[in-house]
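These are my notebook entries on one structure. I set out to look up its burial, its helix packing and its aromatic pairs.

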Amino acid sequence: DTFYWKAYASFLIKTGNADKALILLDKAEEITFGADLLFCKGTALMKTGNKKEAYEIFEEAVMEDYFSHKIIFEIEPELSLDAELQSLIKYFKLEV
């Protein structure tokens, strides 16, 4: 189950600890898997300035579970202004 991993990672990202969230999410990947964790990881990567890797993770996450992409904006509402991210989401909307 990914609920608690996602909740704690989201908390870390929201409180300015995206680096710690990435460490947590790496540990989570050893135990469990879920698109929600990928969305958290992508968001943490964006917050640490790793946009290229973040977009790759977002792409994987959206392919896994398109409808959970709203997690991104729950964690970091400002990312709704990111044109490249919006474009990626819209592209996969057509695939669903």
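Is threonine 32 buried or exposed? I looked up its relative accessibility and found 18%, so threonine 32 counts as buried, the cut-off for buried being under 20%. I note here that the model is a predicted one.

**Entry 1: surroundings of threonine 32**

I placed threonine 32 in the loop that joins α2 (18-31) to α3. Leaving aside residues up to four places away in sequence, I found that threonine 32 touches Asp1, Thr2, Trp5 and Leu37. Trp5 came up again when I listed the contacts of α1 with α2, and both Trp5 and Leu37 recur in the contact of α1 with α3.

**Entry 2: α1 with α2**

I then took helix α1 (residues 3-14) against α2, and read an angle of about 165 degrees with the axes 8 Å apart. The two helices, α1 and α2, are therefore roughly antiparallel, since an angle over 145 degrees qualifies. Their crossing is left-handed. On the α1 side I listed Trp5, Tyr8, Ala9, Leu12 and Ile13; on the α2 side I listed Ala18, Lys20, Ala21, Leu24, Leu25, Lys27, Ala28 and Ile31. By class, I recorded eleven nonpolar residues, two charged and no polar ones in the contact of α1 with α2.

**Entry 3: α1 with α3**

Which way does α1 run relative to α3? I found that their axes come within 10 Å and cross at roughly 15 degrees. Helices α1 and α3 are therefore roughly parallel, the limit being under 35 degrees. I noted a left-handed crossing where α1 passes α3. From α1, the residues Trp5, Lys6, Ala9, Ser10 and Ile13 meet Asp36, Leu37, Cys40, Thr43, Ala44 and Lys47 of α3. I sorted the residues of the contact of α1 with α3 into six nonpolar, two polar and three charged.

**Entry 4: α3 with α4**

Next I examined helix α3 (residues 35-47) and helix α4 (residues 51-64), which pack at about 165 degrees with 8 Å between their axes. That angle makes α3 roughly antiparallel to α4. The crossing of α3 past α4 is left-handed. I listed Ala35, Leu38, Phe39, Lys41, Gly42, Thr43, Leu45 and Met46 as the contributors from α3, and Lys51, Glu53, Ala54, Tyr55, Ile57, Phe58, Glu60, Ala61, Val62 and Glu64 as those from α4. The contact of α3 with α4 holds eleven nonpolar, two polar and five charged residues. Thr43 of α3 takes part here, and I had already entered Thr43 in the contact with α1.

**Entry 5: aromatic pairs**

How many aromatic pairs are there? I counted four, taking ring centres within 6.5 Å as the criterion. One of them joins phenylalanine 3 to tyrosine 4; I read 5.0 Å centre to centre and 85 degrees between the planes, an edge-to-face arrangement. Phenylalanine 3 has 49% relative accessibility and so counts as partly exposed, whereas tyrosine 4, at 64%, counts as exposed.

I also looked up tyrosine 91 and phenylalanine 92, whose ring centres lie 5.0 Å apart with the planes at 90 degrees, so this pair is edge-to-face as well. Tyrosine 91 counts as partly exposed at 48% relative accessibility. For phenylalanine 92 I found a relative accessible area of 9%, so phenylalanine 92 is buried.

Definitions and conventions: Residues numbered from 1 in each chain as written. Predicted model: local features only at pLDDT ≥ 70, side-chain atom pairs only at ≥ 80, totals over all residues. Heavy atoms only, no water. Phe/Tyr/Trp six-rings, centres within 6.5 Å; stacked < 30°, edge-to-face > 60°. Buried < 20%, exposed > 50% of the residue type's maximum accessible area, 1.4 Å probe, protein only. Axes fitted to C-alpha atoms, helices over the stretch in contact; angles between N-to-C directions. Helix = DSSP H or I, 4+ residues; strand = E, 2+ residues; numbered from the N terminus. Parallel < 35°, antiparallel > 145°, perpendicular 65-115°, else oblique. Left-handed = near helix turned anticlockwise from the far one by under 90°. Contact = heavy atoms within 4.5 Å. Nonpolar A, V, L, I, M, F, W, Y, C, P; charged D, E, K, R; others polar.
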